[in-house]
Amino acid sequence: MTDLSLELSRGRSGEVSQVPYGTWGLRLAALTYLVAFIAVPVMVIFTNGLALGIERFMTSLTRPETLNAIQLSIVTSLIMTVINTVMGTLTAYVLVAYRFPGKRLFNLLIDIPFAVPTLVIGVMLVLAYGPQTIAGAFLNDTFDLRVVFAAPGIVLALLFVGYPFVIRTVQPVLLAMEPNQEEAAHTIGASPWTTFVRVIFPALRPAIITGALLSFARSLGEFGSVVIISGNIPMRTQTATVYIYTQIEEGNIQAATAASAALLFVSFAVTIGVDLVLKRRLAGGSPHA
Amino acid sequence: MREVTPRSWPAFVVIGIVLLYAFVMLIVPFATVIYSALRDGLQAVVDTFTDANLQHALLVTLVLTVIAVSVNALFGLITAWVLVRQRFRGRKLFDLLVDVPFVFATPIAGFAVLILFGREGWFSPTFVPIVFAYPAIVLVKIFVALPFVTREVQPVLESLSPEPEDAAYTIGANRWTTFRRVLLPEIWTALLYGIVLTFARTVGEFGAVSVVGGALEGYTESATTFIFRALKDRNDTAAYSVSLLLCALSVIILLVMSRLRTRIAHRA
């Protein structure tokens, strides 16, 4: 049954309307929309960067504040991605595999980060884990760990913002998995752990990588929550986006220009690189992708 | 995969870890903002909203958001249809472009508008103000939430055969009737889901809006830039009250999303 409908939808997709209605008008509308709202801003940022000239561009880019900000963005995003990937996969697994009270509510709450403005996320986290709170004071006194207005706070904000990404890419793949593979593994004596590592995980890998990369790319560009929780301290807690924002506000256009072009370049390189890697993997890869 | 009732202790440990993580990450912060806003009593919250500047900011947020969402709903739908139903040179590239706002840092989006239309911009406008005025805010709001409608509608269109559309058109239905009677009944849940996501993203945008001048009190200031200013002015109650309002809005958004997802799941 599933195979048949899959076959049908494959036959259909990629099919093009035979009637040439709305060809030019609608196509013109769609392409103008994409060019005006996406291609133009992208080109503006890169052209503006190039217009500085290599020398001035490099001088702005190699300022310690700039390099430090870009480095902080990449490091905090990487840490976030590692934690988020492990916890996201685990959460998706628990949501699909186990029955427990409150599961429907939990499934609903997972999308909170999509619905709450990022600035408000920053406010929430400062209120919950700032130095004046029980949790914040405990971490500060016991482990000498400052969360808010420090790098751990940035990671925390990125984890909140990225929370649904891995879960929502892995969950549908788990739901679509045939139970008999798992049962077969169990029948021949595999432990749940072995079953997970040898049977479930390989099928999930493409979805996990996609979710991880999405959340990484999203984190590099995150601003609203980070500007609140980081305290915006140059050389210490200023991420690339916060640095760019501050330079624009101060009228430091040359610095903002160089950093914007550099950050966008990194974000695009990550996304396109990932896309290429995934396509190659999937070319000979698993049917669950 | 089959759902089972957990029995072994490792299963309980895994569920415990997952729920604890969600509790620390999502529930505690969400509950704290509610508690902080209401700590000084409900009256303090209500008083915040009598501020004329804040009322203006909320109205600005609502109106500009509705404009941006409408533009994205209409053009996002057209874009999805064109990308699925038509074949032309460069289609793949245009398809890639749709995702750009997902990875584009929002202050940089605001910066692009400044470079184009700012005081010393490439097309500095003489008659109509764009930057530090409403048009720039609408522009960046459209940009940040552009992918959602297209990306929600596209897969549904791909799963539909173009034949009914072609047939309706061939027997003389005009384009609008074809859309309304043949296409819309199939795609409306996905379209609505995309619109809800677009709304959520647009209403809470801060970085880009702030950069293009969305923080002039009583004029371009919107809900998020109001919160930012209130925090700077140490006016905590006001900041938390507006945060609470946006949280309440996001709860409604969540409930609508969940309803729509159930519908989509039932259809599939």
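Which residues of α12(B) are buried? They are Ala223(B), Thr224(B), Thr225(B), Phe226(B), Ile227(B), Phe228(B) and Ala230(B). Helix α12 of chain B spans residues 223–232, and with seven of its ten residues buried it is mostly covered. Just past the end of α12(B) comes Arg234(B), which takes a positive phi of about 60°. That is a handy first stop on a tour of this structure, which is a predicted model.

**How confident is the prediction?**

For the model as a whole, the scores are ipTM 0.92 and pTM 0.90. In chain B, the mean pLDDT is 91, and 99% of the residues reach 70 or more.

**Chain B as a whole**

Let us step back from α12(B) and look at the whole of its chain. Chain B is built from 13 helices and has zero strands. Read from the N terminus, its elements therefore follow the pattern α-α-α-α-α-α-α-α-α-α-α-α-α, with a helix counted as a run of at least four residues. Taken along the principal axes, the C-alpha atoms of chain B fill a box of roughly 70 × 65 × 30 Å. Of the 268 residues in chain B, buried ones make up 49%. Contacts in this chain often reach across the sequence: among those between residues at least 6 apart, 74% join residues at least 24 apart.

**Where the two chains meet**

Now to the place where chain A and chain B touch. On the chain B side, 77 residues are in contact with 76 residues of chain A. The element of chain B that gives the most to this side is α1(B), with 16 residues. Sorted by class, the side of chain B that touches chain A holds 54 nonpolar, 15 polar and eight charged residues.

One pair of helices lets us look at this meeting in detail. Two packed helices can be described by the angle between their axes and by the distance between those axes. Helix α4 of chain A, residues 64–97, packs against helix α1 of chain B, residues 9–38, at an angle of about 120°. The axes of these two helices are 10 Å apart. The crossing of α4(A) and α1(B) is left-handed. From α4(A), the residues taking part are Met87(A), Leu90(A), Thr91(A) and Val94(A). They meet Val14(B), Ile15(B), Ile17(B), Val18(B) and Tyr21(B) in α1(B). The residues of this contact divide into eight nonpolar, one polar and no charged.

**Two residues along α4(A)**

Staying with helix α4 of chain A, we find Thr66(A) and Ser77(A) in it. Is Thr66(A) buried or exposed? Thr66(A) counts as buried because it has 23 C-beta neighbours inside 10 Å. Leaving aside neighbours within four places in sequence, Thr66(A) is in contact with Ser60(A), Leu61(A), Tyr243(A), Ala255(A), Ala258(A) and Ala259(A). One of these partners, Ala255(A), is 189 residues away from Thr66(A) in sequence, and yet their C-alpha atoms are 8.0 Å apart in space.

Ser77(A) is buried too, with 26 other C-beta atoms within 10 Å. Setting aside neighbours within four places in sequence, its contacts are Leu158(A), Phe216(A), Ser219(A) and Leu220(A). Between Ser77(A) and Glu250(A), which are 173 residues apart along the chain, the C-alpha separation is 26 Å.

**Helix α8(A) and some positive phi values**

Helix α8 of chain A, residues 134–143, lies largely in the open, because one of its ten residues is buried. Right after α8(A) comes Asp144(A), with a positive phi near 55°. Here are the residues with positive phi on this tour.

| Residue | Phi |
|---|---|
| Arg234(B) | about 60° |
| Asp144(A) | near 55° |
| Met235(A) | near 70° |
| Phe132(B) | near 60° |

Where do the last two table entries sit? Met235(A) has its place in the loop between α12 (224–230) and α13 (240–249) of chain A. With 11 C-beta neighbours inside 10 Å, Met235(A) counts as exposed, since the cut-off for that class is 12 or fewer. Phe132(B) is found in the loop between α6 (106–117) and α7 (134–144) of chain B. Phe132(B) is partly exposed, with 18 other C-beta atoms within 10 Å. Both Met235(A) and Phe132(B) are residues other than glycine.

Terms used. Residues numbered from 1 in each chain as written. Chains lettered and ligands numbered in written order. Predicted model: local features only at pLDDT ≥ 70, side-chain atom pairs only at ≥ 80, totals over all residues. Axes fitted to C-alpha atoms, helices over the stretch in contact; angles between N-to-C directions. Left-handed = near helix turned anticlockwise from the far one by under 90°. Contact = placed C-beta atoms within 7 Å. Nonpolar A, V, L, I, M, F, W, Y, C, P; charged D, E, K, R; others polar. Buried ≥ 20, exposed ≤ 12 C-beta atoms within 10 Å, placed from the backbone. pLDDT = per-residue confidence, 0-100.
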